[in-house]
Every structure is written in C-alpha cells, then in structure tokens.
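Here are my comments on the model you sent. They are numbered so that you can reply point by point.

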Amino acid sequence: MATLSQWVAGSRPRTLPASLVPVVVGTGVAVGEDGAVWWRAALAAVVSLILQVGVNFSNDYSDGVRGTDADRVGPLRLVGSGVAKPKHVLAAALACFGIAAVAGLVLAAVTTWWLLLVGAFAILAAWFYTGGKRPYGYRAFGEISVFVFFGLVAVVGTAYVQLERLPAEAWAAAVPIGLLACAMLVANNVRDIPTDEIAGKRTLAVVLGDRNTRILYAICTALPYLFVVALAVVHPWALIALVSAPLSVPPTQKVLQGANGPFLIPVLGETGRLQIAYGALLAVGLAL
C-alpha cells in the first residue's frame, strides 16, 4: 500500500498551479467587472484543482499499465514504481473526476446547462490524454489540450460562472495563462524525450526534438509578457504582472543551457512559481 506522502507525490503537486492560477485570473476579471461571486469562484477552483489531480492519477495509471513509466527520471509515479496497484490509482482518478463533476453540476444549475457539455469534454480530454487505445498525448497534441483547458476554458469559464457573460478581457487573459501552463508540460516533456522515444510516446517534444523544444519553452515563458503590454491598453494596471518577469529567467536559462535529466526537475517548481506570481499579479491588475 502506498503511503499518504506517496499519494501526495503521485498527485504531482508541482503541476497544480496550472489548475488554480486560471481560476484566480478569471476571478480577477469578474472583480474588475464588479460581478465577482465568491462561492462560485470557490466551486470553480474545486472543479479545476480536483480535475487536475484526476488527470495526474489518470496519466499515472495509463502510463503505468503501458510500461511507459518503467524507467523515469522525474517525480514518483505510483503505478510505474510499483508502490500502488493500478486499480487503486484508477479508482483515485475516477473519484476525482466524480467530485469535479458534482461541483461542476452545481455551477451549471445556477448558470447554464451548457456547462455540462464543457465539463464532459474536459473529463474526456483528461482520460484520453494517455488513456484509451489511441491517446492523443502520445501523438503530440498534449500542449494544445493544456492550452485550451487550462487556459481558455478555465479562465473564461471562471469569469462566466460569476458574470454569466464572456468579456473580451477574459479571452485576452486566458492566452498568456494557457502559454504558461504549456511551459510546465514542455519542461516535463523535454526531460522525458529519451525515455518517451524508447516507449513509443510521441509527445510534441519528441516530434520537435530537444533543441526546438527548449526554444518552445522559452517562447511560452516570454510571450505572456507581450500580452500584458497589449492588455495594458485597456487595463493599465495589468502592467504590474511585469514584476514577475525575473522569475522566468532561472528556469529559462536552465532549459536553454541544456540542463537534462534530474537537472530539469527543479524547472517544474520554478515554472510553477512563475505561474503563481504572474497569475496573481495579472488578476490584481485586471481587478483594479
């Protein structure tokens, strides 16, 4: 039986900012529009966070039973390392999807039932990322999914459940948040290129190759600051997000200077801190 600390590690806590930051930014948009509804924001956070944990357990299960995680450099994988039975990790993933679905059902009941369709697509995307016979995460579509669901859907959706409309600022803010979420996945996948190639997992990093993937990471951490400047035309206070720019330097340097294997593991934490700082400052700027 896996210990509690192993289950926590298996939930991949360094990736969780990708789920909470867009909710914070979407709520910042709602505050700026004088329409924040805090209990709805809290439920949106539950949906996003629990869904992310479910994605991580689902990936752990699917990659583990395929043997993709048999030889990994990164953080603990419950199934791949043998510390937890596959059926237990699968049950944890399904439980997370169930909790997220219930919270989403409440939000749909007080806004629009169309949210159920969005939620269904989110759960299907979570499962088929590495699950099923033809997982799209094995075919270089992972970054697109992350951009859509942890950028566009999460930010705009959070703003919508509070405002019950879709302001342009929410769409504009969703793009840089989605890019930073992609940066997290790119950092993970560039580390795993050697083992993913052997396992037949054709992530975008495998397709692009090591050098181009490192350039992609730098683009994902740089472009958000251009979007801040664009947003400042309408929301001048959005410029305070530029204060987080120094946090992008250490991880980007590591990636561009060729860090590999275990030396890339700290990049995940540094990218997470960048997401948190950028997202929090952008949310404040949009709220003012």
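1. Start with Ala-140, in the loop between α6 and α7. This is a predicted model, and Ala-140 has a positive phi of about 70 degrees although the residue is not a glycine. Most residues other than glycine have a negative phi. Ala-140 counts as buried, at 16% relative accessibility. One of the residues in contact with Ala-140 is Thr-203.

2. Thr-203 itself sits in another loop, between α9 (193–199) and α10 (204–208). Is Thr-203 buried or exposed? Its relative accessibility is 1%, so Thr-203 counts as buried. Leaving out residues up to four places away in sequence, Thr-203 touches Gly-137, Ala-140, Asn-189 and Asp-196.

3. Arg-12 also deserves a look. Its place is the loop between α1 (4–10) and α2 (17–32). Its phi is positive, about 60 degrees, and Arg-12 is not a glycine. The relative accessible area of Arg-12 is 13%, which makes this residue buried.

4. What about charge pairing for Arg-12? Arg-12 has no salt bridge, although the residue is buried. The nearest side chain of opposite charge belongs to Asp-60, 4.6 Å away. The cut-off for a salt bridge is 4 Å, from a side-chain nitrogen to a carboxyl oxygen. Beyond four places in sequence, Arg-12 touches Asn-56, Asn-59, Asp-60 and Arg-77. Asp-60 is thus on the contact list of Arg-12 without making a salt bridge to Arg-12.

5. How many salt bridges does the structure hold? There are six. One of them joins the side chains of Arg-40 and Glu-164, at 3.1 Å from N to O. Arg-40 belongs to helix α3 (residues 38–66) and Glu-164 to the loop between α7 and α8, so this pair ties together parts that are 124 residues apart in sequence. The two ends differ in burial: Arg-40 is buried, with a relative accessible area of 12%, whereas Glu-164 is partly exposed at 41%.

6. Two further salt bridges are worth checking. The side chains of Asp-192 and Arg-191 meet at 3.0 Å, N to O. Both Asp-192 and Arg-191 are buried. The other pair is Glu-270 with Lys-254, at 2.9 Å, N to O. Glu-270 lies in helix α13 and Lys-254 in helix α12 (residues 249–256), 16 residues apart, and the pair links distant parts of the chain. Glu-270 counts as buried, at 13% relative accessibility. Lys-254 counts as partly exposed, at 28%.

7. Now the nonpolar interior. In soluble globular proteins, nonpolar side chains tend to be buried together. The largest nonpolar core here has 23 residues. Val-146, Ala-181, Ala-187, Tyr-217, Val-255, Leu-264 and Val-267 touch the most other members. Four elements give two or more residues to this core: α7 (142–163), α8 (168–191), α11 (210–231) and α13 (265–287). Which of these gives the most? That is α8, with eight residues.

8. Val-267 shows how this core connects to point 6. Apart from residues up to four places away in sequence, Val-267 touches Ala-187, Tyr-217, Pro-251, Lys-254 and Val-255. Lys-254 on that list is the partner of Glu-270 in a salt bridge. Apart from the largest core lies another one, of 22 residues, including Ala-170, Ile-177, Ala-241 and Leu-274.

9. Ile-240 is in the loop between α11 and α12. Its relative accessible area is 22%, so Ile-240 is partly exposed. The cut-off for buried is under 20%. Setting aside neighbours within four places in sequence, Ile-240 is in contact with Leu-281, Val-284 and Gly-285. The C-alpha atoms of Ile-240 and Ala-277 are separated by 10 Å, with the two residues 37 places apart along the chain.

10. Last, the surface. Which residues form a nonpolar patch there? They are Trp-114, Leu-117, Phe-121, Leu-124 and Phe-128, with about 570 Å² of accessible area together. Phe-128 lies in helix α6 (residues 114–128). Phe-128 counts as partly exposed, at 39% relative accessibility.

Methods
Residues numbered from 1 in each chain as written. Predicted model: local features only at pLDDT ≥ 70, side-chain atom pairs only at ≥ 80, totals over all residues. Heavy atoms only, no water. Core = buried A, V, L, I, M, F, W, Y, C linked by side-chain atoms within 4.5 Å. Buried < 20%, exposed > 50% of the residue type's maximum accessible area, 1.4 Å probe, protein only. Contact = heavy atoms within 4.5 Å. Lys, Arg positive; Asp, Glu negative; His and termini not counted. Patch = residues over 30% accessible without salt bridge, like charges linked within 9 Å, V, L, I, M, F, W, Y side chains within 5 Å. Areas by Shrake-Rupley, 256 points an atom, 1.4 Å probe, with all protein chains shown as cover.
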